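Work through the exercises below with the sequence and the model side by side. Try each task before you read its solution.

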Amino acid sequence: MKHCQNCNLEIRGEKTRCPLCNALLFGEASKSNYMQCTTLPKQKKTWISIVATASVVACVISLWLNSIFHESFWSLYVAGGISSGIVLLGNYIRNQKNLSNLIISASLLLIILCVIWDLSTGFNKWSINYVTPGSLLLAALALFVLGTVFKKNNDIYILKVTLNSSLILILLLCGLVDVPLPSYICIGTNITIFLTKFFFYQADFARELKRIMHI
């Protein structure tokens with residue numbers, strides 16, 4: 001523990017100067033009792049600033065060129081694509097320490113962004129027919145691999161993906177899906193994964209569910 005001769009205080013942590021009088025501290029550093037706040041590394045902050053600046057510049061240039069040539073509003077698609085990339089990047093930065101949560105949030109964000117794109121380009125239903133079941137199917141398979149191969153405790157996330165797949169069933173019942181095969185595959189695979197985890201890992205699954213629901 002470090003010592004300040006001016007204030008006659010013992011100070012934990014790795015500080016080199018006293019927080020009261022700013023005098024040099026003497027002694028060996030010790031572990032702090034306070035929670036350490038994790039911050040983004042300086043290099044990562046720099047890259048984020050570069051990406052953000054480049055994105056804004058690209059949007060401005062595309063809007064300027066679009067206004068000069070007076071063609072279709074292609075610049076809006078450029079801005080939408082860049083915005084989608086920024087949203088997905090922000091989701092990765094926020095959830096990079098929780099891979100299971102990252103997989104679920106990324107799949108849902110991808111579905112939402114693709115539906116918006118589909119609606120803005122005439123709504124050909126490719127986002128509903130292919131992207132929605134495909135994203136949820138890949139999310140379920142990725143979570144299953146993490147849980148069984150890498151022994152990640154992610155049973156509750158598999159349950160969330162299975163519940164999210166009920167959205168596909170609603171779309172099917174409402175007649176909004178023109179190509180039902182991907183949806184059938186997604187629903188069947190999600191139910192199979194859920195039942196596999198429930199029956200073969202029932203104790204772990206029940207324990208995780210109780211922990212989440214505070215039972």
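Helices here are DSSP runs of H or I with at least four residues, and strands are E runs with at least two; both are numbered from the N terminus. Keep in mind that this is a predicted model.

**Exercise 1. The fold in outline**

Task: Find how many helices and strands the chain has, and give their order.

Solution.
- Step 1. Count the elements: there are eight helices and two strands.
- Step 2. Read from the N terminus. The order is β-β-α-α-α-α-α-α-α-α.
- Step 3. Turn to burial. The chain has 215 residues, and 31% of them count as buried.
- Step 4. Look at the contacts between residues at least 6 apart in sequence. Of these, 49% join residues at least 24 apart.

**Exercise 2. Where to trust the model**

Task: State which helix has the highest confidence and which region the lowest.

Solution.
- Step 1. Start with the whole chain. Its mean pLDDT is 77, and 76% of the residues reach 70 or more.
- Step 2. Compare the elements. Confidence is highest in helix 6, at 89, and lowest in helix 8 (residues 202-213), at a mean of 64.
- Step 3. Apply the general caution. Where pLDDT is low, predicted coordinates should not be read in detail.

**Exercise 3. Helix 3 and one of its serines**

Task: Describe the length of helix 3, then decide whether S107 is buried or exposed.

Solution.
- Step 1. Take the span. Helix 3 has 22 residues and reaches 31 Å from first C-alpha to last. The expected value is 32 Å, so the two are close.
- Step 2. List buried residues. Among them in helix 3 are L102, I103, I104, S107, I111 and L113. Polar or charged names appear too, including S100, S105 and D118.
- Step 3. Place S107. It lies in helix 3, residues 99-120.
- Step 4. Apply the cut-off. Buried means under 20% relative accessible area. S107 has 7%, so it counts as buried.
- Step 5. Find its partners. Leaving out residues up to four places away in sequence, S107 touches S135, L136 and A139.

**Exercise 4. After helix 3**

Task: Find which residues after helix 3 have a positive phi.

Solution.
- Step 1. Recall the general rule. Most residues other than glycine have a negative phi.
- Step 2. Check G122. This glycine follows helix 3, with a positive phi near 105 degrees.
- Step 3. Check F123. Its phi is near 50 degrees, positive although F123 is not a glycine. F123 sits in the loop between helix 3 and helix 4. At 30% relative accessibility, F123 is partly exposed.
- Step 4. Check K125. Its phi is positive as well, about 70 degrees, and K125 is no glycine either.

**Exercise 5. A salt bridge**

Task: Name the residue that forms a salt bridge with K125, and say which parts of the chain the pair links.

Solution.
- Step 1. Count. There is one salt bridge.
- Step 2. Name the pair. K125 pairs with D178, and the closest N and O atoms are 3.7 Å apart.
- Step 3. Place both ends. K125 is in the loop between helix 3 and helix 4 (126-148), and D178 in the loop between helix 6 (166-173) and helix 7 (181-200). The two are 53 residues apart, so distant parts of the chain are linked.
- Step 4. Check burial. K125 has 18% relative accessibility, so K125 counts as buried.

**Exercise 6. The surface**

Task: Find which residues make the nonpolar surface patch of about 520 Å².

Solution.
- Step 1. Take the whole surface. The chain exposes about 14300 Å², with 67% supplied by carbon and sulfur atoms.
- Step 2. Name the patch residues: V57, I61, W64, I68 and F69.
- Step 3. Examine F69. It lies in helix 1, residues 42-69. F69 is exposed, because its relative accessible area is 53%.

How values were computed. Residues numbered from 1 in each chain as written. Predicted model: local features only at pLDDT ≥ 70, side-chain atom pairs only at ≥ 80, totals over all residues. Heavy atoms only, no water. Buried < 20%, exposed > 50% of the residue type's maximum accessible area, 1.4 Å probe, protein only. Contact = heavy atoms within 4.5 Å. Areas by Shrake-Rupley, 256 points an atom, 1.4 Å probe, with all protein chains shown as cover. Patch = residues over 30% accessible without salt bridge, like charges linked within 9 Å, V, L, I, M, F, W, Y side chains within 5 Å. Salt bridge = Lys/Arg side-chain N within 4 Å of Asp/Glu carboxyl O. pLDDT = per-residue confidence, 0-100. Expected span 1.5 Å × (residues − 1).
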